[in-house]
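Here is a note for a colleague who has not seen this structure before. The points run from one strand pair to the ligand site, then to the backbone and the chain as a whole.

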Amino acid sequence: MKIQSDHASLLIKLLTLNFLLVFSTSQDFDFFYFVQQWPGSYCDTKQSCCYPITGKPASDFGIHGLWPNRNDGSYPSNCDSNNPFDASKISDLKSEMQLEWPTLSCPSNDGLTFWSHEWDKHGTCSESVLDQHDYFATTLSLKSQINLLHALESAGIEPNGEKYSLRSIKSAIKGASGLTPWIQCNNDSSGNSQLYQIYLCVNSSASGFIECPVFPNGHCDSSIEFPSF
Ligand code: AMP
């Protein structure tokens, strides 16, 4: 009898362990949104902005994040409080992050707060695919593969405070990258609709761009401002 109950308890322990392993490593998302932000449109709003302690960022799109998302439009967030952001894991990436993933929140800081927020909220939900170092390194590499500002400028769409049709913005990016972007607008302090963020999609192993399975909700006017920065 004793031997049987020992066996049963071992079996229960193994099943529990298996259950925990499956659930802690399974991926609960279908693709990523790779989101880039126009700094001029972050800064000219009512909330305004603060430049990072390293100085004013370049007049270029900056990374906002790489966000696991599901095909039904929902997304997981804050998936693993046991794996918090650890700056020492990305010390080799810091200088590139400061250039390509600049913080604009106030008060002025070195970016760690923004990156930590992105890792804790989004990165922990894809840790089965990308560990902390890979998460940031992969996102930097995605940015280097498609130059959004160049794609727009080549089509005569420049950050000069002029208005451009949403259609022409989408078609410039589609023409340069082969990908259909999703454009997010916000309002400047006078209420004008402007180009804020550009979403592209990446497959669930983060190895390449794909057409977006689903787009977020949101509205831009048919003609939007592209402010200077
Ligand atoms: P998320 O939670 O990833 O959707 O990002 C939204 C949060 O990121 C908000 O708290 C924003 O204020 C913040 N945020 C967006 N862009 C920046 C930026 N360039 N620098 C610092 N914080 C930012």
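1. Start with the strand pair. Strand 1 (residues 31–37) runs antiparallel to strand 2, and 7 bridges connect them. Two strands are taken as paired if DSSP finds at least two bridges between them. Helices (H or I, at least four residues) and strands (E, at least two) are DSSP runs, numbered from the N terminus. Glutamine 37 has glycine 62 of strand 2 as its bridge partner.

2. A word on the basis of the note. The model is predicted, so local features need pLDDT of at least 70 and side-chain atom pairs count only at pLDDT 80 or more, while totals for chains, interfaces and linings use all residues. Residues are numbered from 1 along each chain as its sequence is written, and side-chain values use heavy atoms, with hydrogens and water left out.

3. Is strand 2 mostly covered or mostly open? Strand 2 spans residues 62–69, and 8 of its 8 residues are buried. Buried means under 20% relative accessible area, exposed means over 50%, and partly exposed lies in between (1.4 Å probe, protein chains only).

4. The ligand has a shell of 13 residues, and the closest are Leu104, His117, Glu118, Lys121 and His122. A residue counts as near the ligand if one of its heavy atoms lies within 4 Å of it. By type, the shell holds 5 nonpolar, 6 polar and 2 charged residues. Here Ala, Val, Leu, Ile, Met, Phe, Trp, Tyr, Cys and Pro count as nonpolar, Asp, Glu, Lys and Arg as charged, and the others, Gly among them, as polar.

5. Which elements supply the shell around the ligand? Strand 2 and helix 4 (112–121) each give at least two residues. Helix 4 provides the largest share, 4 residues.

6. Three side chains make polar contacts with the ligand, pairs of N or O atoms within 3.5 Å. Within protein, the definition also asks that one atom can donate a hydrogen and the other accept it, and residues adjacent in sequence count only if both atoms are side-chain atoms. An N or O atom in the side chain of glutamine 37 is 2.8 Å from a nitrogen atom of the ligand. For histidine 117, a polar side-chain atom lies 2.6 Å from an oxygen atom of the ligand. For histidine 122, a side-chain N or O atom is 2.7 Å from an oxygen atom of the ligand. The ligand taken alone exposes 500 Å², of which the protein buries 75%. Accessible areas come from the Shrake-Rupley method with a 1.4 Å probe; for residues, only the protein chains shown count as cover.

7. Helix 4 also has a buried set: Phe114, Trp115, Ser116, Glu118 and Trp119. These residues pack against strand 2, helix 3 (94–100) and helix 5 (132–145). Contact means heavy atoms within 4.5 Å.

8. Where is serine 126? Serine 126 sits in the loop between helix 4 and helix 5. Its relative accessible area is 0%, so serine 126 counts as buried. Leaving aside neighbours within four places in sequence, serine 126 is in contact with Phe29, Phe32, Pro68 and Tyr135.

9. Some backbone features deserve a check. The peptide bond between cysteine 106 and proline 107 is cis, with omega about -10 degrees. Proline 107 belongs to the loop between helix 3 and helix 4. Asparagine 78, not a glycine, has a positive phi of about 45 degrees; its place is the loop between strand 2 and helix 3. With a relative accessible area of 53%, asparagine 78 is exposed.

10. Alanine 206 is not a glycine either, yet has a positive phi of about 60 degrees. Alanine 206 lies in the loop between strand 5 (193–203) and strand 6 (209–210). With a relative accessible area of 9%, alanine 206 is buried.

11. Finally, the whole chain. There are 7 helices and 7 strands, in the order α-β-α-β-α-α-α-α-β-α-β-β-β-β along the sequence. Of the 229 residues, 44% are buried. Among contacts between residues at least 6 apart in sequence, 76% join residues at least 24 apart. The chain exposes about 11,600 Å², and carbon and sulfur atoms supply 52% of that area.
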